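Trainee: Got a minute to go through this one with me? I'd like to talk about rings, cores and empty space.

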Amino acid sequence: MGELVRNALELAQADRELPPIPPLELRIERPKEREHGDYSCNVALRLASAVRRPPMEVASSIAQRILCTEPIAEVEVAPPGFINIKLDADWQRHQLLSVIEAGPDWGRIELGAGQRVQIEFVSANPTGPLQVGNGRGAVLGDALASVLDAAGFDVEREYYINDAGAQIRLFGRTLFARYLQQFGRKTSLPDGGYQGAYMVDLAARLKEAFGERWLDSADDPPPDLSEQGLQLMVEHIRSDLALLRVEFDHWQRESALYNAADGESIYDVAMARLRDGAYVIEKEGAVWFRSDAVGEDKDNVLIRSSGEPTYFASDVAYHYDKFLVRGFDTVIDVWGADHQGHVARTKAAVTAVGGDGEALEVLLYQLVHLRRGGERVRMSKRTGEIVTLRELIEEVGADAARFFMLQRSADAQMDFDLSAAASADPRQNPVSYVKYAHARCASVLRTAAEAELSASSDHLELLDSEQEATLIGEILRLPELVADMALRREPHHLTYYAQSLAQAFTQFYDTCRIVVPDEPQRSGARLTLTQAAQAALAATLGMLGVEAPDEM
RNA sequence: GCGCCCGUAGCUCAGCGGAUUAGAGCGCUGCCCUGCGGAGGCAGAGGUCGCAGGUUCAAGUCCUGCCGGGCGCGCCA
């Protein structure tokens, strides 16, 4: 569509109706008002002063040169200088056949051209169960991955397991203490150890599986006890995420970055790169990354004076691995907003190890607060209130959890209303409304089959009511929406689209009787529309990761 | 103090690199069930888009400052 207008503009210039001007971004938008057509463009308004002509004249010079063929039915110039384009209604109606053919794949486009994108998300420390906030990152990352996948990118979902460092040692020591306690030993937890009851459960499971194996171990913690505990914890996290319908293609262990496969570990190579590039400086007994290159005021420690690498050093190695070893074109890290301070230095580090810092994108999401109706729910163990992601899912279900988490842009803090999410009543819960629309499509199609009526494209011109036109428009705009969401890394638009699509179908259903045995032609057309609506709903719910039931 | 995010209807929030009459859901008011699932539909009330400047023919949207709120600013992760 943009090209059509651009071509017309260039023609106008070639015909000397308009003076040549420097190329500019053309923006095509979808007007809110139906009267303004299906697409509209404001080039003329933007150009008017540059070419020193009234906007309306500029607009008509361009508009005259837009070919009014096939998809386009009408090109209009509207004050103060808009070019409004109407699509041919019949062409649109026949597009429904492509929609039905695509089915739940409707909306898939080739925008990404197979570029490899890695999305790393959640990546919570494997020292405890996932919290509600992790759920937001999980849903955001997963839905973005689905959107990019639909947009034609080659997407990999990844979870990074921080299984190295002090934190995990403390986990091991806590677990060891709990393990000894299983055998009645009077052992206290280490300072700052993990207090949660889940550690007791883990210890009990280790006792069950391994008996007295570590009872007299001199190590604190015994390495394989830590390892077994870690695996149980990761498995727990994996199953929590599975409840949310979030699955990963790859689980990357931090410790693997330190394993030297053939002499040098990923970590060694990454650090060597930094040294070669003169990005490091030694001072105060530690090794620092020179952040003045980034414009940060402080340098960042890579290797402590104790010789132990920092979390940041691991991150450098990890991103080296992502870009230089595994060769992703784009890497998107989904982080909680509390990690915002790490963005600049991580990008700088990517550049420093020989990658393109611009190819690393960090998507930050803000905090989640829970509420129950008007009441704020304090997320604390002490009050016995909901804390873990699993508890949230058990209370509201995966569909509502996902949908509600995606109703806000990542930038905005969010109040998650448990009572609305838990309600099955669509009057409070948009998830049910959307799923219901899908189920209703299925129901109508079943009824039609019983009445021996079938979808037909022979008389699509009978889809001529306002509600039908609106629904067709909603269905057909999905591919554009996918492109927009993919480019902007904003999957939250899905929830709004899902609602307006569901509403358009419901209004159509409400005003147009679909199954009318006396009017097989009209029924055939409306059944075609119903099938297409169902496909668009299924595709949308699919990207949202919400079920699309045939009955409720 | 510095950095990032947010401030739009009673509540929770959309509003895309500026544009044709500011939106949704919930809540509120009033209508509509002798038809494919009323788990619905229609209509309405409700907004100085935090404040003040600036850029522009045009600003909720861009720029600056201020005021609120959140999160960061470790040889912690």
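Mentor: Sure, and keep in mind that this is a predicted model. Let's begin with a charge over a ring: the charged end of Arg 116 is placed over Phe 328.

Trainee: How far is the charged end of Arg 116 from the centre of the Phe 328 ring?

Mentor: The cut-off for a charge over a ring is within 6 Å of the ring centre. Arg 116 sits over the ring of Phe 328, and the distance to its centre is 4.4 Å.

Trainee: Is the pair of Phe 248 and Trp 251 stacked or edge-to-face?

Mentor: Look at the angle: planes under 30 degrees apart count as stacked, over 60 as edge-to-face. Phe 248 and Trp 251 are 5.3 Å apart centre to centre, with 65° between the planes, so the pair is edge-to-face.

Trainee: Does Trp 251 count as buried or partly exposed?

Mentor: Buried needs under 20% relative accessible area. Its partner Phe 248 has 12%, so Phe 248 is buried. Trp 251 has 24%, so Trp 251 counts as partly exposed.

Trainee: Which helix gives the largest share of the largest nonpolar core?

Mentor: That core has 118 residues, and Ile 119, Leu 241, Leu 392, Phe 416 and Ile 475 touch the most other members. The largest share of this core is 12 residues, and they come from helix 19.

Trainee: And how many residues lining the largest cavity are charged?

Mentor: The lining includes Arg 136, Leu 140, Arg 408 and Ser 409. By class, the lining has four nonpolar residues and one polar, and the number of charged ones is two.

Terms used:
Residues numbered from 1 in each chain as written. Chains lettered and ligands numbered in written order. Predicted model: local features only at pLDDT ≥ 70, side-chain atom pairs only at ≥ 80, totals over all residues. Heavy atoms only, no water. 1 Å grid on protein atoms, 1.4 Å probe; cavity = no way out; pocket = protein on both sides within 12 Å on 5 of 7 lines; lining within 4 Å. Nonpolar A, V, L, I, M, F, W, Y, C, P; charged D, E, K, R; others polar. Core = buried A, V, L, I, M, F, W, Y, C linked by side-chain atoms within 4.5 Å. Buried < 20%, exposed > 50% of the residue type's maximum accessible area, 1.4 Å probe, protein only. Helix = DSSP H or I, 4+ residues; strand = E, 2+ residues; numbered from the N terminus. Phe/Tyr/Trp six-rings, centres within 6.5 Å; stacked < 30°, edge-to-face > 60°. Lys NZ or Arg CZ within 6 Å of the ring centre and 35° of its normal.
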